[in-house]
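Thanks for coming. I have two items for today, a sheet and a helix, and I will take them in that order.

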Amino acid sequence: MTGDVFHPEQLSRCISCGFCLPACPTYALTGDEASSPRGRITLMRALQDGVLPPDDATLAEQASSCLGCRACEPVCPAGVEYGSLLEQWRVHQWRGRRRPVPARLLMLVAERRRLLRLLGLLRRAAAGASPSAEVPTSAPSADGAPRAAGVQLLLGCFERGLFPAVSRAAQVLDPALTAPAAQGCCGALHAHNGDLAGGERMAHRLGAELPGTIVTTSGGCAAHLAAVLGRDRVRELSQWLTGRAPAGELRVDGRRARVTLQDSCHLRNGLGVYAEPRALLRSVAHYVELPSAATCCGAAGTYSLLRPRESRRILAAKIDEIEAAGVDYVVTVNPGCLRQLRTGLRRRRSTVRAVHLAELLVRVTSPSG
Amino acid sequence: MTLSVPLLAELRGIVGAPRVHDADGDLVAYSRDATPLFTHAPDAVVFPADTAEVAAVLAWATRHRVPVVPRGAGSNLCAATVPLRGGVVLVLTRLDRILEVSADELLARVQPGVTAAALADAAAARGLLWAPDPGSRTVATVGGTIATCAGGLRGLKYGVTRNHVLGLEAVLPTGEVIRTGGRLWKDVAGYDLTRLLTGSEGTLAVLTEATVALLPAPESGNTGVAYFRTLADAGAAVAAVIRAGVLPATLEFLDRACIDAVEDFAHLGLRADAGGLLLFGDDGPPDLVARHLDRIGTACVDAGAIEVTTARAVAQAEALLAARRCTLPALSRRGGVTILEDATVPRPRIADMVDRIEAIAARHDVRIATFGHAGDGNLHPTCVLDSTEDTDEVRRAEAAFADIFAAALDLGGTITGEHGVGAAKLPFLGARLGADHLALLRRIKAAFDPAGILNPGKLGS
């Protein structure tokens, strides 16, 4: 009897109605109950009750093959907190040395604050030296602008290393956002990869480093921080910019640009934020909704590294849709999705560009200009 | 039982090794359906891809006396797909093609793994309606819908699944493939096996294809809500609505506890002070729908409704219906275990039945919330428990349900209106049918399934 892997009241919420099945991307891939949210909860119960041994192979496989996208949550009439149950499950499955090596390495990097800062600086220098710098150099200077008290921009561990232009763009959009260089990782990476306690600790520490409202350009970070620090402490960028889209429009080849949005799963399914980024995009471009905008792109945090085969299958269908939509840009609100879509589009030699919402909005040219 | 290595090897030879799952965890995942309190693991889970594979698996099972439990999405509420005696769970969701939608003939041919919602969408795309509308339509497969003769929210005007099935392809437990009915609206050649198999709960044959009747889609539809002081008042209003000369497409009711649960999930702004509500709806040409809704509303006011409102937009009407479909799972917000039943009485006896359910709940000291298809006399009294660990509470709930079944029979009703018998209601079937009728069911079962391998321990056992 394992007994204490899960909070019993969270586990007992599920009545196995199966309303989650059509929402689950991995069930769509396999058609196997074991890789559906309902089936996984049946497996969790078997673990909790000792029906299956702690090292059962199906338990290990299903805890790993779940994207953790939480698409099952908004469709669950019973209000099962699946994302939270999955975090608890992975604490058990990926305890000690059972945690996959790539996840361990990433977590180590995310804990090294100086390294993150250095990576960001290197990327920044490289981007600045390149003529294809993502942010227009004519961006208005933030100097002299009044700084809102207690509103700070989270740079994000992953984003800092890979996409430093995103946070710069966010600061161009709202010069009142301060971004202290001394800030760590929010811990979402840890919470989703079997170190729930570590993930919560890191979120609390970050909360102390960035007092007041934390604005983030990452849907994943937003959902994790909101879960640990409370919703009132956190605003994802599109929420923060609501009603403040830059004046003007984005033009491509002399016409209004056609853009689409790939939702951030945790932003949409965890925080219920999906109307906000769409409203911003509609105000500056011609917006096209992807049929599967709300469905995971296969990035899913570390998933694209740990389960590359499944991740690529999910991504391939997504890229098909994006190409069929006839858009100029696919916009993301999370750095993991950005990396995944850029990889997929590049592999396909697509002309569609994947950009972060902040990067897209700073390209808007004013009607007078 | 467990399957020997040579038996498993034969099975793998039929469908291919990747389509036979027998790891412990995989078996656990298929050890239950949407019915609480029934769990048993199979010995293998098999995913056939076509009729020939289904036939070969069944012939193998009859040869070796291995129980086979056919399964769609596993969303049934009578433990019809729990493999109580082990054996093979035969998952039919890979047979998921819509083979044909014909607007000229008003029919569709589908494989059993297509979901009810997918068939409805495909029909709608051609301006047609697939009428059966079970609450689980986004999940439930057409095969499972037919196997359980599912009802749903449109039963009053459109009937239930059996009224819309024209023909079936089915594999007998001995491996022969039969076709019943077909594309004809009139065909009396032979016993009506289409109707016999519809609602046979996977105990007589495995359905591998269905030809179903479609209707021209109604031009429009709308929905309204009438609030009452008590659920019994709402039940009494049903007769008044029917007397008003309207046959509504939808006539559902919810008690206070169900209203709260639905409101928690769907945030529709339902009144918090009503003891019960009637959700009514109709479809057809817009002016006719408006006139019918008006007449239903007036009948409700005359019957004592404290307020009547109609949906102002299609989206709002859809939201009301969607929320009603989620009532059962939403109720589990009140406690971790929901045991629901399906007692059905003649329409004029609904208010009596509601009163009896309340008395029974009080007598056994259990929380029972009631919702259901008022227009069909079909109630879903649902017992909400904190957990199954309180065995005394579970026992009291079971005693209460035994009384509810007895009350329904006493009022000229039945033990299950639409969920089915499965394993859950088998102990009560004799009280509804009598010994001679039960014996005949067993003889019919034996004629189809001489080895008794198909879904043993359920209907027909």
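Start at one pair of positions in chain B: B:I368 sits opposite B:C383, the latter in β18(B). Keep in mind that this is a predicted model. The pair belongs to a longer contact, since six bridges connect β17 of chain B, residues 368–373, to β18 of chain B, residues 378–385, and the two run antiparallel.

Now the whole sheet. It is open and has seven strands in chain B, ordered β15-β12-β14-β13-β17-β18-β16, with antiparallel pairing. At the edges are β15 (307–310) and β16 (337–340) of chain B; each has a single partner strand, so one side of each has no neighbour in the sheet. From one strand to the next, the twist averages 20°.

Two helices go with this sheet. In chain B, α10, residues 286–302, lies across β12 (220–228), β14 (276–284) and β15, at about 10° to β12(B). Helix α11 of chain B, residues 314–325, packs on the sheet as well and touches β12, β13 (250–255) and β14 of chain B; its direction is at about 60° to that of β12(B).

Second item: α3 of chain A, residues 37–48. Does its length come out right or wrong? At 1.5 Å a residue, its twelve residues should span 16 Å, and the end C-alpha atoms are 16 Å apart, which agrees.

As for burial, twelve of the twelve residues of α3(A) are buried. Among them are A:R38, A:R40 and A:R45. The cover includes α1 (8–11), α4 (57–65) and α5 (82–93) of chain A, and also α2 (24–29) of chain B. After α3(A) comes A:G50, with a positive phi near 80°.

Conventions. Residues numbered from 1 in each chain as written. Chains lettered and ligands numbered in written order. Predicted model: local features only at pLDDT ≥ 70, side-chain atom pairs only at ≥ 80, totals over all residues. Pairing = 2+ DSSP bridges. Helix = DSSP H or I, 4+ residues; strand = E, 2+ residues; numbered from the N terminus. Axes fitted to C-alpha atoms, helices over the stretch in contact; angles between N-to-C directions. Contact = placed C-beta atoms within 7 Å. Expected span 1.5 Å × (residues − 1). Buried ≥ 20, exposed ≤ 12 C-beta atoms within 10 Å, placed from the backbone.
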